[in-house]
Amino acid sequence: MSQQAAREELIIDGSGAILGRLATYVAKQLLSGKRVTIVNADKVAVSGDPVRLIYFYRRTILGVKVHLSEKWRPKRARSPQMLVRKAVRGMLPKNDKGKEAYSRLRVYVGVPKELAGKNAAKLPSNMTVEKLTKSKYATLADIARQLGWSR
């Protein structure tokens with residue numbers, strides 16, 4: 001691997017990161033041409049009251065109204081890694097440049113073996129739950145478990 005390719009690869013530890021701020025930062029890095037890998041997607045936080053967050057995700061992700069039987073309803077992703085990917089996809093432009101940037105994104109729950117020895121970049125404190133002094137938050141693992149994700 002050349003130095004140019006190694007310089008363009010960014011590994012981000014999602015532990016304690018706020019989902020929206022993480023998604024905007026990652027989208028900016030993807031659009032600049034970098035390859036981004038997010039580890040510990042299950043530890044990414046969403047700010048807000050946990051009960052209301054779970055209600056919101058249930059209604060928007062699982063609450064698809066279809067006049068057919070449950071067997072034919074659309075299947076929705078419930079894993080934390082897919083929730084992070086969906087948030088980042090929403091921050092990218094809806095054209096060929098956005099699709100190409102989205103293809104350079106990798107998201108993992110936990111840390112995979114091939115990335116275990118590499119140093120993951122820590123986000124600034126204004127992008128983490130340290131910024132939330134009195135606000136409540138829920139992790140994506142908690143939300144995903146309420147949606148039916150099991151790991």
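The following is a chat about a predicted model, covering its sheet, one helix and a few side-chain pairs.

Student: Before we start, what kind of model is this?

Tutor: This is a predicted model, in which local features need pLDDT of at least 70 and side-chain atom pairs count only at pLDDT 80 or more, while totals for chains, interfaces and linings use all residues. Residues are numbered from 1 along each chain as its sequence is written, and side-chain values use heavy atoms, with hydrogens and water left out.

Student: OK, in what order do the strands of the sheet come?

Tutor: The open sheet has 3 strands in the order 1-2-4, with parallel pairing, where strands are DSSP runs of E of at least two residues, helices are runs of H or I of at least four, and both are numbered from the N terminus. Two strands pair if DSSP finds at least two bridges between them, and strand 1 is joined to strand 2 (residues 35-39) by 5 bridges.

Student: And which are the edge strands?

Tutor: Those are strand 1 (9-13) and strand 4 (105-107), each of which pairs on one side only.

Student: Switching to helix 6, which of its residues are buried?

Tutor: In helix 6 (residues 140-147), Leu 140, Ala 141, Ile 143, Ala 144 and Leu 147 are buried, where buried means under 20% relative accessible area, exposed over 50% and partly exposed in between, with a 1.4 Å probe and protein chains only.

Student: Why are they on the same side of helix 6?

Tutor: Because they cover an arc of only 160° around the axis, the arc being that of the directions from the helix axis to the C-beta atoms.

Student: How many salt bridges are there?

Tutor: The count comes to 3 salt bridges, each being a side-chain nitrogen of Lys or Arg within 4 Å of a carboxyl oxygen of Asp or Glu. One of them pairs Asp 142 with Arg 145, with the closest N and O atoms 3.4 Å apart, and both residues lie in helix 6, 3 residues apart, about one turn of the helix.

Student: Which pair links distant parts of the chain?

Tutor: Lys 136 forms a salt bridge with Asp 49, the closest N and O atoms being 3.9 Å apart. Lys 136 sits in the loop between strand 4 and strand 5, and Asp 49 in the loop between strand 3 and helix 3, 87 residues apart. Lys 136 is exposed at 54% relative accessible area, whereas Asp 49 is partly exposed at 31%.
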